[in-house]
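Reader: I would like to go through this model and ask what stands behind each label.
Author: Go ahead; the labels can be taken one at a time.

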Amino acid sequence: WIQLEPVIAHTGSANDIFGHSVKVLFDKVIVSAPYREFNRKENQGSVYIFSLDFVQKDWKEEKEFSPSN
């Protein structure tokens with residue numbers, strides 16, 4: 001393992017508890033944010049999928065799953 005850039009969601013806030021659960025699958029990382037807010041409703045939650053960019057050696061956000069999608 002080597003340290004790369006931190007994995008950061010493009011949306012959300014500190015209160016989302018981003019990183020509550022993390023799963024690493026080869027070149028993918030699945031990260032939860034259980035307290036993410038949607039449509040002014042608290043604690044709706046969200047899950048993010050990141051892929052490792054081997055060229056730039058950092059993680060790229062691929063998809064966010066939320067109650068709205």
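**Labels and their grounds**

Author: To begin, this is a predicted model. In it, glutamate 62 has a relative accessibility of 46% and counts as partly exposed.

Reader: Why is glutamate 62 called partly exposed?
Author: Buried means under 20% and exposed means over 50%. The 46% of glutamate 62 lies in between, so the residue is partly exposed.

Reader: What makes the contact of lysine 28 and glutamate 62 a salt bridge?
Author: The cut-off is a Lys or Arg side-chain nitrogen within 4 Å of an Asp or Glu carboxyl oxygen. Between lysine 28 and glutamate 62 the N to O distance is 2.9 Å, so the pair qualifies. The two residues are 34 apart in the chain, with lysine 28 in strand E2 and glutamate 62 in strand E4. Lysine 28, at 29% relative accessibility, is also partly exposed.

Reader: How many salt bridges does the structure hold?
Author: There are 3. Another one joins glutamate 64 and arginine 36, at 3.1 Å from N to O. Here glutamate 64 belongs to strand E4 and arginine 36 to the loop between E2 and E3, 28 residues apart. Lysine 60 and aspartate 58 also form a salt bridge, at 3.3 Å.

Reader: Why is glutamate 64 called buried?
Author: Its relative accessible area is 13%, and the limit for buried is under 20%; therefore glutamate 64 is buried. Its partner arginine 36, at 12%, is buried as well.

Reader: Which of lysine 60 and aspartate 58 is buried, and which is partly exposed?
Author: Aspartate 58 is at 16%, under the 20% limit, so it counts as buried. Lysine 60 has 34%, which lies between 20% and 50%, so lysine 60 is partly exposed.

Reader: How do you know that E2 and E3 are paired strands?
Author: Pairing needs at least two bridges. Strand E2 (residues 28-33) and strand E3 (residues 46-53) are joined by 6, so they pair, and they run antiparallel. One of these bridges links alanine 33 to serine 46. E3 and E4 are joined by 7 bridges and are likewise antiparallel; tyrosine 48 has glutamate 64 as its bridge partner in E4.

Reader: What makes E1 and E4 the edges of the sheet?
Author: The 4 strands form an open sheet in the order E1-E2-E3-E4. Strand E1 (22-25) and strand E4 (58-65) each have a single partner strand, so one side of each lacks a neighbour in the sheet. From one strand to the next, the twist averages 20°.

Methods: Residues are numbered from 1 along each chain as its sequence is written. This is a predicted model: local features need pLDDT of at least 70, side-chain atom pairs count only at pLDDT 80 or more; totals for chains, interfaces and linings use all residues. Side-chain values use heavy atoms; hydrogens and water are left out. Axes are lines fitted to C-alpha atoms, for helices over the stretch in contact, and angles run from 0 to 180 degrees between N-to-C directions. Buried means under 20% relative accessible area, exposed over 50%, partly exposed in between (1.4 Å probe, protein chains only).
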